[in-house]
Amino acid sequence: MKLAQRVTKVPASMTLAISAKAKAMKAEGLDVCSFSAGEPDFQTPEHIKEAAKRALDEGKTRYGPAAGEPKLREAIAKKLQINNRLNYESSNIIVTNGGKQSLFNLILALIETGDEVIIPVPYWVSYPEMVKLAEGTPVLVPTEASNGYKITPEQLRKATTSKSKLFVLNSPSNPTGMVYSPAEIRALAEVIVEKDLWVVSDEIYEKILYDGAEHLSIGAVNPDVFSRTIISNGFAKSYAMTGWRVGYTAAPVELIKAMTRIQGHSTSNVCTFAQYGAIAALEGSQEPLKIMLEAFTERRRFILDGIAAIPTLSCPQPNGAFYVYINIGETGMNSRDFCNLLLDRHHVAAVPGIAFGSDREIRMSYATDLTSIEKGLERLEKFVASL
Ligand code: PLP
């Protein structure tokens, strides 16, 4: 079969491959400590589940508008106004099948052959692949651990050419967990306006913050950058709703209409009753998020202390999301060999940094229980000592 070139250029997800291997080992009865998951290990809060059940009982089981349930679009616009100081109406919102479809559809609506998309490295695995599927050109800009893996305004300015159309900003970041400070966001906003770029701000981890870190949504900096901003967000991480598949984009109406046309001809609306769960997530108690954050805070401290005690490993202190991005450079190994051996010999699953575009690091997620973290760290230490 001769497949379309667009798909042959896209590799299979390495994060899924390592998770699949870890799962297969578990199924064989091996005691595997898994740090590879990109999802909270908590259940969706009860009141959200109840709202979806109620929607089912009320017969909300039919096709809905492709852009999403009007009540949810309104609730999202209100959330963005109140929490993020972004002046959106419901016409600026489209509800999507997770943050993933939000990003995919906005890239498809905005990017074409010849357009360059600036992506800081390390990046979330799907950004470059989505750009390639839209036949655009990803421009990958390596960042430094010493700068918390954050792109500087100078680096952004230097990466910009006459073909640059879009800059991808992800704070808090997957895979590094780093958060851009409000001053850093303002400095990037200046370059975006100066270079007349679009910016997509992927804010899916915005509520998962530690040590007083502050999330400033770039569109709130000033009206000039707001008019060039596209917000991508979702319910998966903050509300432990990964399987529900509800996300959204907020953007100028023209882009939302274009994305609605794409969605209207591809997936149609997001599962109707799941959207009622999302309304409850926004309008109901935020207490479950606090409980989840308390657990993440304790685990983060534990894992950071554990890594600091292993001589050849190091990582900058992340203040968001639930990942640590660990430098393994001193071991002399590349990230794929390191992760494969760690899994084969010590039954610990971590994700090689090469999946995120950098080969001197590995990503460990601490969205797992403390006992597994403790056991996993002991095994990691033994492994590193054996090298
Ligand atoms: N953006 C980032 C940075 C992510 O880490 C993820 C999920 O891992 C997504 C977007 C997509 O999330 P979802 O499609 O589950 O809402």
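Start with the second largest pocket and select α4 (70-84), which gives the largest share of its lining, five residues. A pocket here is an open set of points on a 1 Å grid over the protein atoms alone, with protein on both sides within 12 Å along at least five of seven lines; lining residues have an atom within 4 Å of a point. Helices (H or I, at least four residues) and strands (E, at least two) are DSSP runs, numbered from the N terminus. The model is predicted: local features need pLDDT of at least 70, side-chain atom pairs count only at pLDDT 80 or more, and totals for chains, interfaces and linings use all residues. Residues are numbered from 1 along each chain as its sequence is written, and side-chain values use heavy atoms, with hydrogens and water left out.

Now show the whole lining of this pocket: Ala 75, Lys 78, Lys 79, Ile 82, Asn 83, Lys 207, Tyr 239, Leu 282, Glu 283 and Gln 286. Two elements, α4 and α11 (272-283), give two or more residues each. The volume is about 190 Å³, where a volume is the space filled by probe spheres set on the points, and grid points are joined across faces, edges and corners. By class the lining has four nonpolar, two polar and four charged residues. Ala, Val, Leu, Ile, Met, Phe, Trp, Tyr, Cys and Pro count as nonpolar, Asp, Glu, Lys and Arg as charged, and the others, Gly among them, as polar.

Next, select the lining of the second largest cavity, which includes Lys 79, Glu 206, Asn 233, Phe 235 and Tyr 248. A cavity is a set of points where a 1.4 Å probe fits but cannot get out. This one holds about 50 Å³ of space, and its lining has four nonpolar, three polar and three charged residues.

From Tyr 248, move to β8 (residues 247-250), which runs antiparallel to β2 and is joined to β2 by four bridges. Tyr 248 stands opposite Val 95. Both strands belong to an open sheet of seven, in the order β2-β8-β7-β6-β5-β3-β4, with mixed pairing; two strands pair if DSSP finds at least two bridges between them. β2 (93-96) and β4 (137-142) are the edges, each with a single partner strand, so one side of each has no neighbour in the sheet. Neighbouring strands are turned by 20° against each other on average, direction ignored.

Add helix α10 (residues 253-265), which lies across β2, β7 (229-234) and β8, at about 30° to β2. Axes are lines fitted to C-alpha atoms, for helices over the stretch in contact, and angles run from 0 to 180 degrees between N-to-C directions; contact means heavy atoms within 4.5 Å.

Then find the largest cavity, with a volume of about 130 Å³. Of its 14 lining residues, Pro 120, Pro 122, Asn 170, Ser 173 and Tyr 180 are the closest to its centre. β5 (164-170) supplies at least two lining residues, as does β3 (116-121). The lining divides into ten nonpolar, four polar and no charged residues.

Last, select the open sheet of three strands, β9-β12-β11, with antiparallel pairing. β9 (323-327) and β11 (351-352) are its edges, each with a single partner strand. Five bridges pair β9 with β12 (residues 361-365), and Asn 327 stands opposite Glu 361 in β12.

Zoom out to see the protein with its 14 helices and twelve strands. The C-alpha atoms fill a box of roughly 60 × 55 × 55 Å, taken along the principal axes.
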